[in-house]
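The following exercises are to be worked through with the sequence and the coordinates at hand. Each task is followed by a solution in steps.

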Amino acid sequence: MKFDRDTVTGVIRRSGWFQGLPEEAIEQLKAKAQVKSYEPGQFLYLVGERQLFVYCVLSGVVRVSVTSIMGQEFVLTDLRPESWMGEISLAEGESRVTEAMVVEAADLLQIPAAVVKQTGDKHPILYKNLFLDHMQRSRSIYELLAGMLFYPLRSRLAGRLLDLAEKHGEANAAGVELDVHMSQLDFARMSMGSRQRINKIFRDWVKLGVVEKQGDKYVIKDIPALQKELELEPG
C-alpha cells in the first residue's frame with residue numbers, strides 16, 4: 001500500500017505523543033520518517049534487542065508478546081492502525097523485554113529514535129505526552145496482570161473477548177462481531193490457557209448462545225453473559 005507524505009504528516013500530527021509540537025518539529029519528524037512493509041511472521045524486534053526506531057502501524061496488525069525460555073507465549077496486545085510503539089528506544093542502553101511480530105501483512109511508519117529524542121530535548125512537551133501515554137498503558141497492563149493472577153481461565157477469556165468487543169466490535173443483527181481474525185490458539189496465548197481448554201469453553205458458550213462463529217470471525221450474542229463470567233462468587 002502506498003502512503004503519500006500528506007498521509008504520513010497526518011498520522012504524526014494525530015499521535016498523542018506529538019501533540020503540542022510546533023509545525024517545524026512535525027516537519028522534521030516527517031522528513032526522517034520511512035514507510036516499510038512487513039509480511040506475516042516477521043519480527044520488528046525480539047526480547048533483548050536494542051532498538052533504533054519508534055514505530056506506528058499504518059495498516060495490518062502487530063502482536064506484542066512476552067515469551068518464556070521454554071517458548072511459552074503470552075500476548076499482551078494486538079496493535080492496529082495508528083498505534084505507536086518502541087518508545088523504550090529513547091532510553092539509551094535499554095533493551096526490549098517484549099517482542100513484536102506482524103500477524104497480518106502490515107505497513108509501518110518508522111522514525112529514528114535519535115530524531116525523536118532530539119525533538120523531545122528541544123520540545124519537552126513530547127516527554128510529557130510520552131509519560132501520560134505510558135501511565136495509561138501501564139494501567140492496562142496492571143489490570144491485565146491482575147486478571148491473569150486472580151481469575152480462572154473462563155473469566156480471563158471472557159475479559160479478553162469483552163476487550164476485543166469494545167475495541168474492535170461491530171454491532172449487527174446477530175450481535176457484536178469481532179472485526180479481527182482470531183484462532184483458538186490466539187485466544188489461548190492471550191488468556192494463559194491450553195487450546196484444548198479454550199476449545200471446551202467456546203463449545204459451552206456456543207451451546208448457551210453466548211457466542212458463535214461466522215466464517216472466520218466470532219460474534220458475541222450475549223454481552224451480559226460474558227460480563228457475568230467476570231463476577232467471581234466468594235469461595
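**Exercise 1. Classify R154 by its accessibility.**

Solution. The model is a predicted one. The relative accessible area of R154 is 24%. Buried residues fall under 20% and exposed residues over 50%. R154 is therefore partly exposed.

**Exercise 2. Describe helix α5, in which R154 lies, by its span and its buried residues.**

Solution. Step 1: helix α5 covers residues 153–168 and includes R154. Step 2: α5 has 16 residues, and the distance from its first C-alpha to its last is 22 Å. Step 3: at 1.5 Å a residue, a span of 22 Å is expected, and the value for α5 is close to it. Step 4: a number of residues in α5 are buried, among them L153, L157, L161, L164 and H168. R156 and R160 also belong to the buried set of α5, whereas R154 is partly exposed.

**Exercise 3. Which salt bridges does D204 form with R154 and K200, and what do they connect?**

Solution. Step 1: D204 and R154 form a salt bridge whose closest N and O atoms lie 3.5 Å apart. Since D204 is in helix α7 (residues 195–208) and R154 in helix α5, this pair ties together parts that are 50 residues apart in sequence. Step 2: a second salt bridge joins the side chains of D204 and K200, with an N to O distance of 3.4 Å. D204 and K200 are 4 residues apart in helix α7, a separation of about one helical turn. Step 3: both distances can be set against the cut-off for a salt bridge, which is within 4 Å. Step 4: D204 has a relative accessibility of 23% and counts as partly exposed. K200 is likewise partly exposed, at 47%. Step 5: a network of salt bridges links R154, K200, D204 and E229.

**Exercise 4. How many salt bridges does the structure hold, and which parts does the pair R189 and E73 tie together?**

Solution. Step 1: the count for the structure is 17 salt bridges. Step 2: one salt bridge is formed by the side chains of R189 and E73, at 3.3 Å from N to O. Step 3: R189 belongs to helix α6 (residues 184–191) and E73 to strand β4 (residues 73–79), so the pair ties together parts that are 116 residues apart in sequence. Step 4: R189 has 30% relative accessibility and counts as partly exposed.

**Exercise 5. Is T98 buried or exposed, and which residues does T98 touch?**

Solution. Step 1: T98 sits in the loop between β5 (84–85) and β6 (99–112). Step 2: its relative accessibility is 9%, so T98 counts as buried. Step 3: leaving aside residues up to four places away in sequence, T98 touches Y45, L46, V47, V64, S65, V66 and L76.

**Exercise 6. Assess the overall dimensions of the protein.**

Solution. Step 1: the protein has 8 helices and 10 strands. Step 2: its radius of gyration is 20 Å, close to the 18 Å from the globule rule for 235 residues, so the protein is as compact as a globular protein of that length. Step 3: along the principal axes, the C-alpha atoms fill a box of roughly 60 × 40 × 30 Å. Step 4: 43% of the 235 residues count as buried. Step 5: the protein exposes about 12900 Å², of which carbon and sulfur atoms supply 54%.

Key. Residues are numbered from 1 along each chain as its sequence is written. This is a predicted model: local features need pLDDT of at least 70, side-chain atom pairs count only at pLDDT 80 or more; totals for chains, interfaces and linings use all residues. Side-chain values use heavy atoms; hydrogens and water are left out. Helices (H or I, at least four residues) and strands (E, at least two) are DSSP runs, numbered from the N terminus. Buried means under 20% relative accessible area, exposed over 50%, partly exposed in between (1.4 Å probe, protein chains only). The expected span of a helix is 1.5 Å times one less than its number of residues. The radius of gyration is taken over C-alpha atoms; the globule rule is 2.2 Å times the number of residues to the power 0.38. Accessible areas come from the Shrake-Rupley method with a 1.4 Å probe; for residues, only the protein chains shown count as cover. Contact means heavy atoms within 4.5 Å.
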